[in-house]
Amino acid sequence: MRESGYLQELITLLQYHRSSGILYYPGDETTERFLRSVKRQKSQLPPFDGGADVPGESSSRPSASGEMNEGLMDVDAVLSALVDEVAVCRACNLSHQRLAVRAGEGGRSGLRLMIVGDWLRCGIDTNLPDSVLFGIEEDRMVARMLQAIHLSMENVYISNVIKCVVPETYQPAADHIRTCLSYLQRQIELLEPECICAMGLVAARALVGGSLPLSQLRGRLHSLVIGEGRQIPVIATYHPSFLLRNPEMKKAAWVDLQAIGKRLKLLQ
C-alpha cells in the first residue's frame, strides 16, 4: 500500500476516535515528528469528512451512490484497523492464553442484524478456518436459523464479546469481558445494525447489563443506546453451543428468532 494509503486509514481511525470522545493522546518527540510529516502530506490526500473541497476540484456534491460507496469504504477502513488492533491486543492476560483472534465477520452495507456470542473455544491442536466464529457446527446452526427467518447472511454481522480464541478448557474471567467489551461497542457504533441478537448469557449481560439469568432476559425486548442517543433493539436467546447440547430448547429459541424476524418485518 502506498504511504498515502496508510495515512488515509490512520486518519479514518482518528476521526472515529474523535467521534467516540477521544480528544487527545499522550505525546512524545516521535509522535510530534510523525504529525509534522502528516501535515506536510495533507494536501496530497482527499478530504476525509466530506466537509471541505480539495483545492482545484469541483465543489459539487457527489451522487447519492457515490456518498454510499464512500461511507462504506470508511466503514471498511475502520473495521480493518480494528481487526489489526485486536490482532496485537495485550490489554489483559487472556492474550497469553489465546490460540488466535476473531474480530468478527459479515456484511457491511444494508446491515440488518448483528449477532453477538461469548467467545470461540478451540482445541489446542485444532486448526479452525478463519471464518469460524462460534464453532463449525454452531455456525451451521446460525446459518439455518437465519434462513428460517428469510434473512441473508449478506445482511448480518457476527461477532463475539471476547475476540480471543481460547482453549476449550479455559474459562475467561469477568475482567477479560470488561476489557474486551470496548471492541464490541465500537463495532456496534460503527455498523449501526437495525437489531442485535445476543446469543448466550455472557453476550446478553454484556449488552443489556444486570445479573438476571438468560431465562428471564429472553422473551423481552431490550434496548442498547449508542452514539447520540440512538436506541438499537436487543433480543436475547440461547447460544448455538447450548442448543446443540440441549436440543429440547430449540423450540424456545425459535420463539426468539420469530421475534427478530417480526422486528425486521421478515415474518408476519
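## Exposure classes and the aromatic pair

A residue counts as buried under 20% relative accessible area, as exposed over 50%, and as partly exposed in between. In this predicted model, Phe-242 has a relative accessibility of 27% and therefore falls in the partly exposed class. Tyr-238, with a relative accessible area of 10%, is buried.

These two residues form an aromatic pair that is stacked, with 5.0 Å from centre to centre and 20° between the planes. The count for the structure comes to 1 aromatic pair. The stacked pair thus joins a buried ring, that of Tyr-238, to the ring of the partly exposed Phe-242.

## Overall composition and confidence

The protein chain contains 9 helices and 9 strands. Of its 268 residues, 41% are buried. Among contacts in the chain with a separation of 6 or more, 72% are accounted for by residues 24 or more positions apart.

The average pLDDT of the chain is 81, and 73% of the residues score at least 70. Over residues 41-68, pLDDT stays under 50. For that segment the model has 20 contacts beyond four places in sequence.

## Nonpolar cores

The largest nonpolar core comprises 62 residues, and the members that touch the most others are Leu-113, Ile-115, Ile-188, Ile-196 and Leu-207. Helix 5, residues 174-191, supplies the largest share of this core, with 8 residues. A second, separate core has 5 residues, including Leu-120, Cys-122, Val-132 and Val-165.

The surroundings of Ile-115 can be listed in detail. Beyond its neighbours within four places in sequence, Ile-115 is in contact with Phe-134, Val-142, Leu-146, Val-156, Tyr-157, Ile-158, Ser-159, Cys-197 and Met-199.

## The three-stranded sheet

An open sheet is formed by 3 strands in the order 1-6-4, with mixed pairing. Strand 1 (100-101) and strand 4 (120-122) are the edge strands, each pairing on one side only.

Strand 4 pairs with strand 6, residues 164-167, in the parallel sense over 3 bridges. Within this part of the sheet, Leu-120 stands opposite Val-165 in strand 6. Both Leu-120 and Val-165 also belong to the second nonpolar core.

## Helix 5 and Cys-180

Cys-180 is located in helix 5 and is buried, with a relative accessible area of 10%. Leaving aside neighbours within four places in sequence, its contacts are Val-161, Ile-162 and Lys-163. The C-alpha atoms of Cys-180 and Ala-91 are separated by 8.1 Å, although these residues are 89 residues apart along the chain.

Helix 5 also carries a salt bridge between the side chains of Asp-175 and Arg-178, at 2.2 Å from N to O. The two residues lie 3 residues apart in the helix, about one turn. Asp-175 is partly exposed at 48% relative accessibility, whereas Arg-178 is exposed, with a relative accessible area of 56%.

## Other salt bridges

Side chains of opposite charge can pair when their charged atoms come close. A search of the whole structure finds 7 salt bridges. One of these is described above, and two others are set out here.

The side chains of Arg-230 and Glu-192 meet at 3.9 Å, N to O. This distance satisfies the salt-bridge criterion because a side-chain nitrogen of Lys or Arg has to lie within 4 Å of a carboxyl oxygen of Asp or Glu. Arg-230 lies in strand 9 (residues 230-237) and Glu-192 in the loop between helix 5 and strand 7 (195-199), so this salt bridge ties together parts that are 38 residues apart in sequence. Both partners are partly exposed: Arg-230 has a relative accessible area of 33%, and Glu-192 one of 42%.

A further salt bridge links the side chains of Arg-121 and Asp-118 at 3.2 Å, N to O. Here Arg-121 is partly exposed, with a relative accessible area of 33%, while Asp-118 is buried, with a relative accessible area of 9%.

Definitions and conventions: Residues numbered from 1 in each chain as written. Predicted model: local features only at pLDDT ≥ 70, side-chain atom pairs only at ≥ 80, totals over all residues. Heavy atoms only, no water. Core = buried A, V, L, I, M, F, W, Y, C linked by side-chain atoms within 4.5 Å. Buried < 20%, exposed > 50% of the residue type's maximum accessible area, 1.4 Å probe, protein only. Helix = DSSP H or I, 4+ residues; strand = E, 2+ residues; numbered from the N terminus. Contact = heavy atoms within 4.5 Å. pLDDT = per-residue confidence, 0-100. Phe/Tyr/Trp six-rings, centres within 6.5 Å; stacked < 30°, edge-to-face > 60°. Pairing = 2+ DSSP bridges.
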